[in-house]
Amino acid sequence: MVGGGQLARMAHQAGIPLGVRFKLLADTPQDSASQVVADTVLGDYRDLETLRRFAADCDVVTFDHEHVPTEHLRALQADGIAVRPGPEALVNAQDKGVMRARLDSLGVPCPRHRLVTDPADVTAFAHEGEGYPVVLKTVRGGYDGKGVWVVADEQQAHAPFLAGVAVLAEEKVDFVRELAANVVRSPSGQAVAYPVVESLQENGVCAEVTAPAPDLDPALAGEAQALALRIAGELDITGHLAVELFQTRDGRILVNELAMRPHNSGHWSIDGAVTSQFENHLRAVLDLPLGDPRPRAPWTVMVNVLGGDYPDMYHAFLHCMARDPGLRIHMYGKDVKPGRKVGHVTVFGDDLEDVRERARHAAAYLRGTITE
């Protein structure tokens, strides 16, 4: 696996009972996954020769993030290395302009959008629709709200162009909530779909996920799952695909983003599903039969633990474990920094309000937002 973040850490954990020998390309020994993976290589994923040496004795190469240069992945594939998902699929998660063009060609419902060249062009785009505000995104490199701006006028539209990267303009969708449809597909074409979840965002960062999405019309849920499965098939994706969606006020779903790796909206599945997204991602890239994605309980709520002003979480950790033995706590081994994802908590059960309150309380206590 290329990338040493918490996704690689949790994927390694899922691979242990499968007997998967895991090799990691990480940036530093302090990376979340470096702390737990014995076979860790330190190096720059942007350097082709480093990637070649790393991948030489691997059966399959997969990813913790989407930032490996597309041309490097094509070179690995040309060397005969199994890259999953492949570069022609992964580029749709790496480049938002490419992704939008491809989804348009498939007739997938998306927000109104186009590439823009300068602030004046942003204003022209705004006037092609209902005016400002407009969402601007750098086509490459953005994540967790980074590389995304909501601009109210042409003056505010200058900032995105300073990065020197192509900029995509999108309408600001009037949505009821954000959803995510998570699916997994193997090279042989087998695919599974997890329940559609509701995600809550704070400052562009996923804060909370509820599985399944409460009060979601079954027909719309089925439509979202079918759409995600179709995208996975049309793009020839191997592994996990997260399709982030807007549910609009007039009852439609629009595709916001794609992620071709395990995703924050699927973390609930570690404890709340028969087979987690991480295990199914590994099964898929190794072309093993996929596992059952069904939930273990009627409701599962996952709340991210974001770093606060208290770097020592140990005593809070003990308090939460003692207060609620049914709580599942996952910590990533990261230094605590304000707003940084350092872990998550999960609770599942029959009563949504009870499950939600317990998960929120634990995450807030771990962060130091509350002290009782």
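Visitor: Where does Glu171 sit in this structure?

Guide: Glu171 is placed in strand β8. Please keep in mind that what we are looking at is a predicted model.

Visitor: What makes Glu171 partly exposed?

Guide: Its relative accessibility is 31%. Buried needs a value under 20% and exposed one over 50%, so Glu171, at 31%, falls in between and counts as partly exposed. As for company, Glu171 touches Pro111, Arg112, Phe125 and Val135, leaving aside residues up to four places away in sequence.

Visitor: Which residues does UniProt list for "binding site"?

Guide: The unreviewed UniProt entry gives Lys96, Lys137, Glu170, Glu171, Lys172, Val173, Glu178, Asn256 and Glu257 under that name.

Visitor: Why is Lys96 called buried?

Guide: Lys96, which has its place in helix α5, shows a relative accessible area of 10%. The cut-off for buried is under 20%, so Lys96 meets it and is called buried.

Visitor: How do you know that Arg112 lies over the face of Phe125?

Guide: Arg112 is at 4.0 Å from the ring centre of Phe125. The test asks for CZ of Arg within 6 Å of the centre and within 35 degrees of the ring normal, so the 4.0 Å passes the distance part, and the pair is listed as lying over the face. Arg46 gives another case: it lies over the face of Tyr45, at 5.6 Å from the ring centre.

Visitor: What is the strand order in the open sheet of four strands?

Guide: The order is β5-β8-β6-β7, with antiparallel pairing. Its edge strands are β5 (113-116) and β7 (148-151), each pairing on one side only. On average, neighbouring strands are turned by 25 degrees against each other, direction ignored.

Visitor: How do you know that β5 and β8 pair?

Guide: Four bridges join β5 to β8 (residues 167-171), in the antiparallel sense. Pairing requires at least two bridges, so four are enough. One example is Arg114, whose bridge partner in β8 is Ala169. Helix α6 (residues 119-128) packs on the sheet too, touching β5, β6 (134-138) and β8, with its direction at about 165 degrees to that of β5.

Visitor: What makes β6 mostly covered?

Guide: Five of its five residues are buried. Val134, Leu136 and Thr138 on one side and Val135 and Lys137 on the other are all buried, so that both faces are covered, each of these residues having under 20% relative accessible area. The strand also has partners: β6 pairs with β7 over four antiparallel bridges, where Leu136 has Trp149 as its bridge partner. Five bridges join β6 to β8, and Lys137 is partnered there by Leu168.

Visitor: Why is strand β13 described as largely enclosed by the rest of the structure?

Guide: All of its residues, ten of the ten in 239-248, are buried, so β13 is largely enclosed. It pairs with β9 (residues 175-185) over ten antiparallel bridges, Arg185 standing opposite Gly239. With β14 (residues 253-259) it shares six antiparallel bridges, among them the one between Leu245 and Val255. β13 and β14 form a hairpin with four residues between them, and Gly251 in the turn has a positive phi of about 85 degrees.

Visitor: How many aromatic pairs does the structure hold?

Guide: There are two.

Visitor: Why is the pair of Phe175 and Phe246 called stacked?

Guide: Their centres are 4.8 Å apart and their planes make 20 degrees. Rings pair within 6.5 Å and count as stacked under 30 degrees, so this pair is stacked on both values. Phe175 lies in β9 and Phe246 in β13, so the pair ties together parts 71 residues apart in sequence. Phe175 is partly exposed at 28%, while Phe246 is buried at 10%.

Visitor: What makes the pair of Tyr194 and Trp268 edge-to-face?

Guide: The ring centres lie 6.2 Å apart and the planes stand at 90 degrees. The limits are within 6.5 Å for pairing and over 60 degrees for edge-to-face, so the name fits. Tyr194 is in the loop between β10 and β11 and Trp268 in the loop between β14 and α8, 74 residues apart. Both are buried.

Technical notes: Residues are numbered from 1 along each chain as its sequence is written. This is a predicted model: local features need pLDDT of at least 70, side-chain atom pairs count only at pLDDT 80 or more; totals for chains, interfaces and linings use all residues. Side-chain values use heavy atoms; hydrogens and water are left out. Helices (H or I, at least four residues) and strands (E, at least two) are DSSP runs, numbered from the N terminus. Axes are lines fitted to C-alpha atoms, for helices over the stretch in contact, and angles run from 0 to 180 degrees between N-to-C directions. Contact means heavy atoms within 4.5 Å. Buried means under 20% relative accessible area, exposed over 50%, partly exposed in between (1.4 Å probe, protein chains only). Rings of Phe, Tyr and Trp (its six-membered ring) pair if their centres lie within 6.5 Å; planes under 30 degrees apart count as stacked, over 60 as edge-to-face and the rest as tilted. UniProt positions are given in the numbering used here, feature names are shortened, and annotations may be inferred rather than shown by experiment.
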